[in-house]
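Colleague: Please introduce the interior of this protein and its cysteines to a newcomer.

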Amino acid sequence: MPDTIIGQPIDRIDGKAKVTGAARYSGDRRAEHPAFGVIVTSTIGRGTITKIDIKAAEQAPGVVLVMSHENAPAQAPFKQEGEDRHARPKPQLAEARIHYHGEPVALVVADTFEQATAAARLVEVSYQAEAGLYELREGRRLAYPPSKMPNGKADSKVGDLERGLAEGAARIDATYTTPYQSHNPMEPPASLAFWSGDQLTIYCSAQLVDSAQKSIAATLNIPADNVELVSEFVGGGFGGKLSIYGDAILAALAARQLKRPVKVTLTRQQMFSVTTHRASTIQRVRLAASRDGTLTAIAHEVVSQSARMDEYVETAAVSTRAMYAAPNRLTTHRVVPLDLPVADSMRAPGDAVGQLALEQAMDELAYKLDIDPVELRIRNEPTQDPEKGVPFSTRALVACLQTGAEKFGWEQRPRVPGTLKDGQWLVGLGMAAAIRVNLRRPAAAKVRMDEDRRVTVEMDMTDIGTGSYTIFAQVAAETLDLPIESVTVKLGHSSYPDTPGSGGSFGAASCCSAVQQACLELRKKVDAGRGPGNVQAEATSEPGDAFKKFSQHSYGAHFAEVAIDSTTGEVRLRRMLGVFDAGRILNPKTARSQLIGGMIWGVSSALHEQAVVDPRYGSFVNHDLAGYHVPVHADIPAVEAIMLAGFDDKSNPLGSKGVGELGICGAGAAVANAVYNACGVRVRDYPFTPDKILSSILRPNVAQRR
Ligand code: MOS
């Protein structure tokens, strides 16, 4: 046994269960005499259902129930307000009104999945369609300040922006656009519901068990205690399972009505509209700096899509407030209500797309001033949070930049873009910095020790592929001075102690603190001679005022080498390095997996990924994994992540900072900047698909007007 178990690259303790199929995802769950529900979705983007004919579907083989807005049971009304938007009522089939293309309009339940799928095609829906507003640029005239921001205010202003811009010897004024993205984790949302009297049990793929339980209970107008929600294994979340969707509510409603278990699974295509997505953005960044690179002004103004039915703001300029020193600053957020599905958080909400803009603008400024992009960032390192005026908890950004530059061989970068050739390939190097807010929430854990000194940890936390099971076992083993094999971790049941769940990169900080606290209390009891033998302790751990007194973030620096095929415009990543400051690393193996996963998504954001809206109907046209491109193995060569040693005692007792969303921040901008270094033309419209690159290389004037 190593001296410390925390900090060791321990294999996932749930790994064997996952690779042998013993781990049961919601869609894998079985029940006695189940029925299967299939959702029918709208084929218009805005309007009203005038008629819904379910007769043929009802008479189809095996069908036991067809539900529409005409016969759906009463549910609580949807409301936009509420502290926790993931715990709100999510009524389904509640009205004839259509808010977006692909909205559920009916549920067909049959004895088998195949029968339900066949009968779902027989539901005939007639609509009164209305002209919808589907395009961000077109809807921009309706932009308004968001009514609520999750982190800070919509706008921030320091000093005098116009004066700061005028004072600069060099200026950048550039507009960047980022597309819609779909979370589409490997596991689709799936729910299996059954009732025992007025008690609902539901297996459901949820990141936030407590919010999901409350959301279902609120929708059905029943006490939360009457809902037992189980989410033991989650096949990826990325923010797409922060809320629950029609599969959960409709399975619960149908199971109650049929007095029989009902399973509902979203199809891959339905995942593009029935769940949420990352909003597209238009971001204007203005920078000004003196000859030596000292920033005199930073402005970052964001316009993003919001659904007309439910507001969501993509907080893309929030991290800009903490990133670089400058006396004159402005950030703004505006949302545009469109008739599209509801937008919500996706891995590093705000920060991921915000840094695609800011970090490319910094690169543009570096070239304009002829200052090394790494050096430009170091010269603008702030001594304290530039807008909040409080100290940073820990901030090793400069160390990330310097370590990365050295390890990557940054000095080999061609100083003049478009000059390094390798046969038909144009080769370039680019870099970008990364910042991600560090969060923590109250969390509780229960631990029990039996007579054999075996320990069981229970909490309603989830493991969405991140490694939560493993790091909780590490913390419990080390705190109780036991080998890790003595620890069993049980997660994902709503009856276990409340945690904030998996989201916002706050899981490890929040929940490990609770596990440690509960284990310390258990230890006291054992040391007092009360065990072993069914001794147990439960504890809650809460963040103190250190989150007000200190500006808390994790940091990174990305370096990328790309090669552009000068004939086809294809961009290939050749190698990539990220160096990160995430405080103390609890498990370098699972943390590395999170970081390189994020980096790969950054590559995807720069080069591959976009959900395309059909401007006529408001549908995501490429709504499958054939048309919606994500990188495959052949797209991703050597990607490495280095984690700097650190300990942030302002974050939590374990010293860790959030790691899950850090890797994607800035990563795509490093690739974008490498593309510029390779071909000498700026593309500001993500992703850089071959058509855009081709027009850049062959007809540079066209691309530069973008
Ligand atoms: Mo994260 S986008 O808060 O799951």
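The following exchange treats cavities first and cysteines afterwards.

Modeller: This is a predicted model, in which local features need pLDDT of at least 70 and side-chain atom pairs count only at pLDDT 80 or more, while totals for chains, interfaces and linings use all residues. Residues are numbered from 1 along each chain as its sequence is written, and side-chain values use heavy atoms, with hydrogens and water left out.

Colleague: How much space lies in the largest cavity?

Modeller: A cavity is a set of points on a 1 Å grid over the protein atoms alone where a 1.4 Å probe fits but cannot get out. The structure holds three cavities of 30 Å³ or more, a volume being the space filled by probe spheres set on the points. For the largest cavity, the space is about 50 Å³.

Colleague: Which element gives the most to the lining of the largest cavity?

Modeller: Lining residues have an atom within 4 Å of a point, and here they include Q181, R278, A352 and G602. Two or more residues come from each of α15 (588–607) and α9 (351–369), helices being DSSP runs (H or I, at least four residues) numbered from the N terminus. With three residues, the element that gives the most is α9.

Colleague: How many disulfides does the structure hold?

Modeller: A disulfide is a pair of cysteine sulfur atoms within 2.5 Å. C511 is buried (under 20% relative accessible area, 1.4 Å probe, protein chains only), with a value of 0%. The closest cysteine sulfur to that of C511 is in C512, 7.3 Å away, so the two are too far apart for a bond. The number of disulfides in the structure is zero.

Terms used
On a 1 Å grid over the protein atoms alone, a cavity is a set of points where a 1.4 Å probe fits but cannot get out, and a pocket is an open set with protein on both sides within 12 Å along at least five of seven lines; lining residues have an atom within 4 Å of a point. Buried means under 20% relative accessible area, exposed over 50%, partly exposed in between (1.4 Å probe, protein chains only).
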